Amino acid sequence: SAWKFFSLLKWLREERQSRKLILFIVFVALLLDNMLLTVVVPIIPSYLYNLDESTDVVLKNNTPSQQNPPGAFHNIVSLYDNTVRSLVSNTTAMSTDLVPIVPTATEVPLNSSDCPRSNSKLLNENVKVGMLFASKATIQLITNPFIGPLTNRIGYQLPIFAGFCIMFISTIMFAFSSSYALLFVARSLQGVGSSCSSVAGMGMLASVYTDDEERGQAIGIALGGLALGVLVGPPFGSVMYEFVGKTAPFLILAFLAFILLLCLFPSQSQKGTPLLTLMKDPYILIAAGAICFGNMAIAMMEPTLPIWMMETMCARKWQLGVAFLPASISYLIGTNIFGTLAHKMGRWLCALIGIMVVGISVICVPFATNIYGLILPNFGVGFAIGMVDASMMPIMGYLVDLRHVSVYGSVYAIADVAFCMGFALGPSIGGSIAESIGFPWVMTIIGIVDIFFAPLCIFLRNPPGQEEKISIMCNMSKYILNLSVQVTEEEELPSCLLWMNAF
């Protein structure tokens, strides 16, 4: 078996420039990255709530009583009706009051009932959970502008390798962290690894699939890995947390990340358009905005929907993750369908319809009264986001080919920045708004924002290229020249017009 394993590694070394192998590596990279991203969604809210509950109980039970002298009898247990008679002494008489039995710190069940004990404490978890979820995207947002130009210099595969080393460490930290601070550090560290792997992975795909239609299909397949990670992550995390424990899902993901590290090797580099130049391109900014606002909707739902379900539906732990299952399945369907279909129908139209459907679907989410009522709106959210991602990710590479130098590290850094901005602002802002005015208003606000942004995608219908801009400028120069001077056929034309006449 060891010989077969080393033979597999040798084959991977020899075939590392194969387009299909590169597509497979990027697929698995996005799969694991998004499994780790979403596996915490059903775990963290319940885990932090239980952690705070147990901490409060321990503090109450460890508080010494100062009203009675040491060694005095404070309570008498009645075996007849399971009550405790509390002996309270005063200046005139001794009275007994019936007090329900309070379990000790070791006997308190950690949220074993379906309904939480304290709604006020549960609402306070919105901000903590939102900040924790947003930390990964915030760090990734800061890291991306450095990773994009770096991939242009050192190649794509080395950053992917570094990204999965960091992600492996982050996953191990998640498995064994038992405090909010350590979970925050692990989530932030994941942002650095995710930045390396996602930017370099999408750039590598765009560089090996040069035909626009083939590139759209390849990116659609790769986004299928992202969708599969989003699909498997929440139910996998909730079921493992309910029946095995918090550590198990993270150890499994760490093992898979370690296996993937063996497939990655360095590659060559190229020099592309500066990142700042790409960020000034209005068409790239519109595509990035579509990615940002489309994904911000699901980002706002991740920390707030489980808490809202615990508050209004008395949802159990496994239901907190299963609620995202329709969105994950439909996202997987959407990315695979529209990876090819978006090129035929027009990627701008696909994105416009997708963002509109996202807005309408999230507005419908708060109308659900049980977990079954979430199926249809969540399905619509996932399917529509799949439409947006499957159309806007390929168009980023197309815009670079059309208007800039065909090197893709920086432009996919911008795409990842947009993605991360949605997942950074979404949980942090969504958690605060949910605590202040409630979950339904969170969904209404982001839904209206998406609906108003959608018409901007019309500008992506026919973006001008470099040659078209030169042609426009030369025609204007010719028009002005004809107005001022009568030019004969024998006179020399401007150099830009000679260049145009050559075609």
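This is a short talk that walks through one predicted protein model, from the whole chain down to a few residues.

Hi everyone, and thanks for coming. Please keep in mind that the model is predicted. Let's start with the whole chain. It has 503 residues, and buried residues make up 51% of them. In terms of secondary structure, you'll find 18 helices and three strands. The accessible surface comes to about 23600 Å², and 67% of that belongs to carbon and sulfur atoms. Now take the contacts between residues at least 6 apart in sequence: 83% of those join residues at least 24 apart.

Let me show you what that can look like for a single residue. Please find Val 129, which sits in helix α4, residues 119-154. Is Val 129 buried or exposed? Its relative accessible area is 0%, so Val 129 counts as buried. And what is it in contact with, once we leave aside neighbours within four places in sequence? The answer is Ile 44, Pro 45, Leu 48, Pro 303 and Ile 307. Take Ile 307 from that list. Val 129 and Ile 307 are 178 residues apart in sequence, yet their C-alpha atoms are 9.4 Å apart in space.

Ser 170 is another one to click on. You'll see it in helix α5, which covers residues 157-176. Ser 170 is buried too, because its relative accessible area is 0%. Not counting residues up to four places away in sequence, Ser 170 touches Leu 36, Ala 186, Leu 189 and Gln 190.

Next, salt bridges. How many are there? The count comes to two. One of them joins the side chains of Asp 401 and Arg 215, with 2.7 Å from N to O. This pair links distant parts of the chain, since Asp 401 is in helix α14 and Arg 215 in helix α7, 186 residues apart. The two partners sit in different settings: Asp 401 is partly exposed at 29% relative accessible area, while Arg 215 is buried at 0%.

In the other bridge, Asp 281 pairs with Arg 403, and their closest N and O atoms are 2.7 Å apart. Here too the pair links distant parts of the chain: Asp 281 is in the loop between α9 and α10, Arg 403 is in helix α14, and their positions lie 122 residues apart in the numbering. Both Asp 281 and Arg 403 are buried.

Now for the empty space inside. A search of the whole structure finds four cavities of 30 Å³ or more. The largest cavity has a volume of about 190 Å³. Which residues are closest to its centre? Of the 19 that line it, they are Val 230, Ile 298, Glu 302, Tyr 331 and Phe 423. Six helices, α2, α7, α10, α12, α14 and α15, each supply at least two residues of that lining.

Let's finish on the outside. Helix α12, residues 325-345, also holds Lys 344. Lys 344 is exposed, with a relative accessible area of 64%. Its C-alpha atom is 9.0 Å from that of Glu 213, which is 131 residues away along the chain.

Finally, look at Ile 252, Phe 255, Leu 256, Phe 258 and Ile 259, which form a nonpolar patch on the surface. Together they have about 440 Å² of accessible area. Ile 259 belongs to helix α8, residues 247-261, and is partly exposed at 36%.

That's the tour. Thanks for listening!

Notes: Residues are numbered from 1 along each chain as its sequence is written. This is a predicted model: local features need pLDDT of at least 70, side-chain atom pairs count only at pLDDT 80 or more; totals for chains, interfaces and linings use all residues. Side-chain values use heavy atoms; hydrogens and water are left out. Helices (H or I, at least four residues) and strands (E, at least two) are DSSP runs, numbered from the N terminus. Buried means under 20% relative accessible area, exposed over 50%, partly exposed in between (1.4 Å probe, protein chains only). Contact means heavy atoms within 4.5 Å. Patches are made of residues with over 30% relative accessible area and no salt bridge: like charges are joined within 9 Å, nonpolar side chains (Val, Leu, Ile, Met, Phe, Trp, Tyr) within 5 Å. Accessible areas come from the Shrake-Rupley method with a 1.4 Å probe; for residues, only the protein chains shown count as cover. A salt bridge is a side-chain nitrogen of Lys or Arg within 4 Å of a carboxyl oxygen of Asp or Glu. On a 1 Å grid over the protein atoms alone, a cavity is a set of points where a 1.4 Å probe fits but cannot get out, and a pocket is an open set with protein on both sides within 12 Å along at least five of seven lines; lining residues have an atom within 4 Å of a point. Grid points are joined across faces, edges and corners, and a volume is the space filled by probe spheres set on the points.
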